[in-house]
Amino acid sequence: MHTIKILRNSSWKQLMPVILWLTGILPFASYAQSGASVPAGEKGLKDYYKAYFPIGVAVSPRTLKIDEADLVLSQFNSLTPENALKMGPVHPTEKQYNWAGGDSIAAFAKRHQLKMRGHTLCWHNQTPSWMFVDSTGKNVSKEVLLQRLKEHITTVVSRYKGTIYAWDVVNEAISDKPNEYLRPSKWLEIIGEEYIAKAFQWAHEADPNAQLFYNDYDEINAVKRAKMIRLIKSLQSKGIPIHGVGLQAHWAVNEPSRAQLDSTLRDFVQLGLKLQITELDISVYPKEHNARERRPEDNDAAFTPEREQAQLEKYKMAFELLRQYKQHITGVTFWNISDRGSWLDNFPVRGRKDYPLLFDKDLKPKNVYWEVVKF
Ligand code: GLA
């Protein structure tokens, strides 16, 4: 508690030495004791893909203080805070910003010369409840919400100016329902569609050098993809500063097919923007889009040879295509480090273990890893 208080009351400059110590020295102390997964000095993903694109990973501040930091440094050259810079964690009450998590990841990135992506400035999820209401609990007016969004974006983007090179400005604004364009959300309800353009404008004003991305999932679905493209084109036609499209790429053993991924990438390339794969993982279970209760058959959650083979083929195919599109792709980021833990352990089925990444729970490369780096 005491440390948290000190951190909150100190300026960025005062904190730098402390942060560097916490994020730099501690991990190095723990490396010495960890059974290294890939021997030091051996090539990592980032080296195999040097001529293609940076390879990133979503991290928590804690991850960078334990043995996983070793793996991060040997394999990846870009970081995305998994949660630390989402609106809820970073701006929990109107007058309070919680910088500890974002700052410690930023310090680690600087210290080790890694790129850093920002995730995310405006989303319907993990938003703090105060954002949309006044002191009596009623929805605020459009003007007030626009002002709050502007203040949030300006403050967060300014703080990491020069450190975060790319931002997921708006996340998941498109509806999953085939006949609905934009996702119903408090942003849309109170402000209207204009919240999206404003978010990009304010991010650009705060850091004119930052690359600004629209980020969404289920991009492989032709109906949803068409709506993403419609949105991006409408921003482009109004001269809104948008530089890239983030394809989350939460895929599974049964999708996308090669043809589906090829047409997805081809369609987005037409926009003339940078493409990034921002949240890559490949579940070993067939894709389900909605959370549901656990069923008896979900207890069969082992990483069987069949599941391993199906996942291996999907990763191999995906990276073959990503390499083909290298002139358009400026980053590929995995969503979490290893099968030790990922958000898919709780989604769509709470408590069902998944094995979606290239490293196992002991941080050792899985067989699929060697397929991804063999080309
Ligand atoms: C979405 C968000 C991410 C994350 C994942 C689940 O893809 O963009 O920030 O919350 O869901 O971890």
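This passage describes the overall make-up, one helix pair, and the pocket and cavities of a predicted model.

The chain comprises 375 residues, of which 55% count as buried, and its secondary structure consists of 13 helices and nine strands. Among the contacts in the chain with a separation of 6 or more, 77% are accounted for by residues that lie 24 or more positions apart.

One helix pair can be described in detail. Helix α7, which spans residues 142-159, and helix α9, which spans residues 194-206, have axes that come within 9 Å and cross at roughly 35°, and the crossing in which α7 passes α9 is right-handed. On the side of α7, the contact is made by K142, L146, L149, K150, I153, T154, V157 and S158, while α9 contributes E194, Y195, K198, A199, W202, A203 and A206. When these residues are sorted by class, the contact of α7 with α9 has nine that are nonpolar, two that are polar and four that are charged.

The largest pocket holds about 660 Å³ of space, and of the 34 residues that line this pocket, E172, Y217, Q248, W343 and F347 are the closest to its centre. Two elements, α10 (222-237) and β7 (250-252), give two or more residues to the lining of the largest pocket; of the elements, α10 gives the most, with three residues. The lining of the largest pocket has 14 charged and 12 polar residues, together with eight nonpolar ones.

A search of the whole structure also finds two cavities of 30 Å³ or more. The largest cavity contains about 80 Å³ of space, and its lining is formed by A252, S283, Y285, P286, K287, E288, W343, L344, F347, P348 and R352. By class, the residues lining the largest cavity divide into seven nonpolar, three charged and one polar. W343 and F347, which belong to this lining, are also among the residues closest to the centre of the largest pocket.

The second largest cavity has a volume of about 50 Å³, and the residues that line it are C122, W123, H124, V170, N171, E172, A173, R183, S185, W187 and Y195. Six residues of this lining are nonpolar, three are polar and two are charged. Two residues of the second largest cavity recur elsewhere in this description: E172, one of its lining residues, is also among those closest to the centre of the largest pocket, and Y195, likewise part of the lining, takes part in the contact of α9 with α7.

Notes: Residues numbered from 1 in each chain as written. Predicted model: local features only at pLDDT ≥ 70, side-chain atom pairs only at ≥ 80, totals over all residues. Heavy atoms only, no water. Axes fitted to C-alpha atoms, helices over the stretch in contact; angles between N-to-C directions. Helix = DSSP H or I, 4+ residues; strand = E, 2+ residues; numbered from the N terminus. Left-handed = near helix turned anticlockwise from the far one by under 90°. Contact = heavy atoms within 4.5 Å. Nonpolar A, V, L, I, M, F, W, Y, C, P; charged D, E, K, R; others polar. 1 Å grid on protein atoms, 1.4 Å probe; cavity = no way out; pocket = protein on both sides within 12 Å on 5 of 7 lines; lining within 4 Å. Points joined across faces, edges and corners; volume = space filled by probe spheres on them. Buried < 20%, exposed > 50% of the residue type's maximum accessible area, 1.4 Å probe, protein only.
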